[in-house]
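Student: Please take a close look at one part of this model: its salt bridges. Then tell me what lies around them, and keep it brisk.

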Amino acid sequence: EMKGMIEQPRKPVDVILAADIICQREDAIAAAKTIHDALVPPSEGRCGGVAYIVCADSGHRFGVEIFASECEGIGLDVKTNKVAELYDGKLL
């Protein structure tokens, strides 16, 4: 809850798209919790929601190195890819 703001409950979502959301360790922790709380949970016969997050590496953003483990620690399934490997390391 932010100071002076009234929190409004929202329905969980099927997809989250986010980029450049982590600049420090606290951001990684908060982002993992927010993603977990905002996604539709898995249910019988149905997959849960999915989040696609693009982050710089830990050499450029502090906290990125703990993001995956924070997500896994609260029950999210994590798959990672290095963007450079997706386009053979060539700059676009």
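Tutor: A salt bridge here is a side-chain nitrogen of Lys or Arg within 4 Å of a carboxyl oxygen of Asp or Glu. The model is predicted, so local features need pLDDT of at least 70 and side-chain atom pairs count only at pLDDT 80 or more, while totals for chains, interfaces and linings use all residues. Residues are numbered from 1 along each chain as its sequence is written, and side-chain values use heavy atoms, with hydrogens and water left out.

Some context comes before the pairs. The chain has three helices and two strands. These are DSSP runs numbered from the N terminus: helices are H or I, at least four residues, and strands are E, at least two. Their order from the N terminus is β-α-β-α-α. Along the principal axes, the C-alpha atoms fill a box of roughly 45 × 40 × 25 Å. Of the 92 residues in the chain, 16% are buried. Buried means under 20% relative accessible area, exposed over 50%, partly exposed in between (1.4 Å probe, protein chains only).

Now the pairs. The structure holds three salt bridges.

Start with Arg-46 and Asp-14. Their closest N and O atoms are 3.0 Å apart. This pair links distant parts of the chain: Arg-46 sits in the loop between α1 and β2, Asp-14 in the segment before β1, and 32 residues separate them. Both partners are partly exposed: Arg-46 at 40% relative accessibility, Asp-14 at 43%.

Next come Asp-20 and Arg-61. They form a salt bridge with the closest N and O atoms 3.0 Å apart. Asp-20 belongs to the loop between β1 and α1 and Arg-61 to the loop between β2 and α2, so the pair ties together parts 41 residues apart in sequence. Asp-20 is partly exposed, at 44% relative accessible area. Arg-61 is partly exposed too, at 26%.

The remaining pair is Asp-77 with Lys-79. Their side chains meet at 2.8 Å, N to O. Here Asp-77 is exposed, and Lys-79 is exposed as well.

Now go back to the Arg-46 bridge and look at Val-40. Val-40 lies in the loop between α1 and β2. Its relative accessibility is 16%, so Val-40 counts as buried. Set aside its neighbours within four places in sequence, and Val-40 is in contact (heavy atoms within 4.5 Å) with both partners of that bridge, Asp-14 and Arg-46. Pro-12, Val-13, Gly-48 and Gly-49 are also on its contact list. The C-alpha atoms of Val-40 and Ala-51 are 10 Å apart, with their positions 11 residues apart along the chain.

Long-range links show up in the whole chain too. Take the contacts between residues at least 6 apart in sequence: 69% of them join residues at least 24 apart.

Next, the strands beside these loops. β1 and β2 run parallel and pair over five bridges. For strands to count as paired, DSSP must find at least two bridges between them. Ala-19 stands opposite Val-54 in β2. In a regular strand the side chains alternate between the two faces of the sheet. β1 shows it: Ile-16 and Ala-18 point to one face and are buried, whereas Val-15, Leu-17 and Ala-19 point to the other and are not. Over in β2, Val-50 is partly exposed, with 32% relative accessible area.

Finish with α2, which comes after the loop that holds Arg-61. The helix spans residues 64–73, and Val-64, Ile-66, Phe-67 and Cys-71 are buried in it. They cover an arc of only 145° around the axis, so they sit on the same side of α2. That arc is taken from the directions from the helix axis to the C-beta atoms. An α-helix has 3.6 residues a turn, so residues three or four places apart point the same way. The buried residues of α2 pack against α1 (25–38) and β2 (50–54). Gly-75 follows α2, and its phi is positive, near 100°.
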